[in-house]
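Trainee: I have the structure open and want to go through it with you. Can we start with the salt bridges?

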Amino acid sequence: MAGRAQEFVEADNAEAIITRIEHKSRKIESLLKQSRPVEALKTALEGAPPKTRDERCKSATWIVVHRAIMAIKDVDGMFSSLDPEYYDILMKYLYRGLSTGDRPTCDQCLRIHEKLTEKAGLGCILRCLADTGNTV
């Protein structure tokens with residue numbers, strides 16, 4: 001990815017992105033009703049963040065990811081079935097969650113952050129902080 005210009009979706013395509021996020025949200029709710037929170041989190045993180053600078057799309061994606069993050073009860077169990085390909089993007093959303101200042105969100109994000117750092121190492125944090133072009 002280094003050296004390639006980041007491609008972003010034009011603002012007029014934001015509505016199409018919002019529609020996909022709404023579809024994803026319905027799928028996540030269905031997974032949560034089936035007590036499958038890790039599958040819901042994977043679904044939320046797939047294709048995130050959207051390749052757009054449109055803040056509505058970023059906010060809508062955050063809402064979906066937040067819903068899945070807050071549904072995780074067994075953090076250790078989550079990592080036994082969450083593939084490493086999701087670690088860096090999850091870290092980005094954990095920092096977004098911490099930036100909200102909302103106590104329950106921050107508590108959950110810190111619990112997951114601790115385990116994610118143990119599992120993925122400090123490189124995950126550094127990649128997250130260094131990637132300023134692909135913000136959540």
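Trainee: Which residue forms a salt bridge with arginine 56, and how far apart are the closest N and O atoms?
Mentor: Keep in mind that this is a predicted model. In it, arginine 56 pairs with glutamate 15, and the closest N and O atoms are 2.8 Å apart. Arginine 56 sits in helix α3 and glutamate 15 in helix α1 (residues 14-33), so the pair ties together parts that are 41 residues apart in sequence.

Trainee: Buried or exposed, those two?
Mentor: Neither. Arginine 56 has 44% relative accessibility, so it counts as partly exposed. Glutamate 15 has a relative accessible area of 46% and is partly exposed too.

Trainee: Which residues are linked in a network with them?
Mentor: The network of salt bridges links Glu15, Asp54 and Arg56.

Trainee: And how many salt bridges does the structure hold?
Mentor: Eight. Another one joins lysine 92 to aspartate 131, with the closest N and O atoms 2.9 Å apart. That pair also links distant parts of the chain, since lysine 92 is in helix α5 and aspartate 131 in the segment after α7, 39 residues apart.

Trainee: Is lysine 92 buried or exposed?
Mentor: Lysine 92 is buried, because its relative accessible area is 9% and the cut-off for buried is under 20%. Its partner aspartate 131 is partly exposed at 29%.

Trainee: Back to α1 and α3. How do their axes cross?
Mentor: At roughly 10°, and the axes come within 9 Å. Angles under 35 degrees count as roughly parallel, and α1 and α3 are therefore roughly parallel to each other.

Trainee: Which residues meet there?
Mentor: From α1, the list includes Glu15, Ile17, Ile18, Ile21, Ile28 and Leu32. On the α3 side, Arg56, Cys57, Ala60, Thr61, Val64, Arg67 and Ala71 meet them. So the salt-bridged residues Glu15 and Arg56 are both part of this α1 and α3 contact.

Trainee: What else does α3 pack against?
Mentor: The buried residues of α3 pack against α1, α2, α5 and α6. Among those buried residues are Cys57, Lys58, Trp62, Val65 and Ile69. As for length, α3 has 17 residues and reaches 24 Å from its first C-alpha to its last, close to the 24 Å expected at 1.5 Å a residue.

Trainee: Does the same sum come out for α6, or what do the end C-alpha atoms give?
Mentor: The end C-alpha atoms of α6 (residues 103-120) are 25 Å apart, and its 18 residues should span 26 Å at 1.5 Å a residue, which agrees.

Trainee: Which residues of α6 are buried?
Mentor: Thr105, Cys106, Gln108, Cys109, Ile112, His113, Leu116 and Thr117. They cover an arc of only 160° around the axis, which puts them on the same side of α6. On the other side, Arg103 and Glu118 are exposed.

Trainee: What covers the buried side?
Mentor: The cover includes α3 (55-71), α4 (75-81), α5 (87-99) and α7 (122-130).

Trainee: You mentioned Arg103. What does arginine 103 form a salt bridge with?
Mentor: Aspartate 107, with the closest N and O atoms 3.3 Å apart. The two are four residues apart in helix α6, which means a separation of about one helical turn. Arginine 103 is exposed at 61% relative accessible area, while aspartate 107 is partly exposed at 30%.

Trainee: What does lysine 115 touch?
Mentor: Lysine 115, found in helix α6, touches Val75, Asp76 and Phe79, leaving aside residues up to four places away in sequence. It is partly exposed, at 25% relative accessibility.

Trainee: What follows α6?
Mentor: Glycine 121, with a positive phi near 85°.

Trainee: Changing topic: which residue has a positive phi although it is not a glycine?
Mentor: Serine 35, at about 55°. Most residues other than glycine have a negative phi. Serine 35 lies in the loop between α1 and α2 and counts as exposed at 61% relative accessibility.

Trainee: And where is the peptide bond that is cis?
Mentor: From alanine 48 to proline 49, with omega near -10°. Proline 49 is in the loop between α2 (37-45) and α3.

Notes:
Residues are numbered from 1 along each chain as its sequence is written. This is a predicted model: local features need pLDDT of at least 70, side-chain atom pairs count only at pLDDT 80 or more; totals for chains, interfaces and linings use all residues. Side-chain values use heavy atoms; hydrogens and water are left out. The expected span of a helix is 1.5 Å times one less than its number of residues. Buried means under 20% relative accessible area, exposed over 50%, partly exposed in between (1.4 Å probe, protein chains only). The arc is that of the directions from the helix axis to the C-beta atoms. Contact means heavy atoms within 4.5 Å. A salt bridge is a side-chain nitrogen of Lys or Arg within 4 Å of a carboxyl oxygen of Asp or Glu. Axes are lines fitted to C-alpha atoms, for helices over the stretch in contact, and angles run from 0 to 180 degrees between N-to-C directions. Angles under 35 degrees count as roughly parallel, over 145 as roughly antiparallel, 65 to 115 as roughly perpendicular and the rest as oblique.
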